[in-house]
Amino acid sequence: MQRFRDSATALSSGQPCDCLPPLRAAAEQLRQKDLRISQLQAELRRPPPAPAQPPEPEALPTIYVVTPTYARLVQKAELVRLSQTLSLVPRLHWLLVEDAEGPTPLVSGLLAASGLLFTHLVVLTPKAQRLREGEPGWVHPRGVEQRNKALDWLRGRGGAVGGEKDPPPPGTQGVVYFADDDNTYSRELFEEMRWTRGVSVWPVGLVGGLRFEGPQVQDGRVVGFHTAWEPNRPFPVDMAGFAVALPLLLDKPNAQFDSTAPRGHLESSLLSHLVDPKDLEPRAANCTRVLVWHTRTEKPKMKQEEQLQRQGRGSDPAIEV
Ligand SMILES: *[C@@H]1O[C@H](CO)[C@@H](O)[C@H](O)[C@H]1NC(C)=O
């Protein structure tokens, strides 16, 4: 500023001229620039903002995770654990299917709080197919109606009671995975399945009485299965051990799970509509890495609870567990 006043003086002391207004304008401009510079300097001194999340990768195929669930003491714990695993995965849509007469507050609340893109579905297992108290799990395969309900929704037959109601628009790139609520999933598994063209497969840990079960791979192709039990099933794979491309499922509208399938054949009842075993796509480093485990949560014992309830002092039923 000082400089300008000097030169203005110098100029005006020479031949008289009308140069004062332009000089004033220039000085004002400079003052504005000084102001802007100090603003920018102040901005630079401020700590940098938190790094922005990478933009949602629009080009990624969507992973549709189908989870049947039913009311029991550990239901919320299992669903919280699973939903927080799924939160780590981009471009994921959770299809949670309750085995109930209608949507329950526990599941509706959990979905709303999850932050996930979800569709809430409900279908009650018919009485004839329900397990009776103490019956082993293999008498009737569990979750059949619920998985088929999710397939119906994907095929545009509606039925959503919460969340996203519209099915994937035609041409959607996606993959469908059947993820029960009691297994343990590595986030890496989801990237393995994302680019499935037909049906992809991988090993599952702690299942079938073995450390792991899974496809045997030679030269990048599935040539057999490591399993101890009925190895001659068409597809001796666990529910958690495969994913199906969405376009393939939509191309085969009759492909669904058969609730009358014999023990251990439920997976085959779907897959035999969809793929030839030799065309299975091995994932997880040619099926040498275990990224999902068939964990089982122990049924909690409620002896003390029952005792307190008899005395009218049970845990507050208004508190959701
Ligand atoms: C799987 O095996 C094929 C054939 O041996 C090989 O070309 C490919 O690199 C392997 N893939 C991985 C991820 O190890």
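Trainee: So E267 lies in helix α8, which covers residues 266–271. What makes a run a helix?

Mentor: Helices are DSSP runs of H or I with at least four residues (strands: E, at least two), numbered from the N terminus. Quick housekeeping: this is a predicted model, where local features need pLDDT of at least 70 and side-chain atom pairs count only at pLDDT 80 or more, while totals for chains, interfaces and linings use all residues. Residues are numbered from 1 along each chain as its sequence is written, and side-chain values use heavy atoms, leaving out hydrogens and water.

Trainee: Why is E267 called buried?

Mentor: Its relative accessible area is 10%, and buried means under 20% (exposed is over 50%, partly exposed in between; 1.4 Å probe, protein chains only). So E267 counts as buried.

Trainee: What is E267 in contact with, leaving aside its neighbours within four places in sequence?

Mentor: V237, D238, M239, F242 and F257; contact means heavy atoms within 4.5 Å.

Trainee: Why is the pair of F178 and F257 edge-to-face?

Mentor: It's one of six aromatic pairs in the whole structure. The ring centres are 4.9 Å apart with planes at 85°; rings of Phe, Tyr and Trp (its six-membered ring) pair if centres lie within 6.5 Å, with planes over 60 degrees apart edge-to-face, under 30 stacked and the rest tilted. So that pair is edge-to-face. F178 lies in strand β5 and F257 in the loop between α7 and α8, so the pair ties together parts 79 residues apart in sequence.

Trainee: And why is the pair of Y185 and F190 tilted?

Mentor: Their planes are at 45° and their centres 6.2 Å apart, so tilted it is. Ring pairs also link both into a cluster with Y177 and W202.
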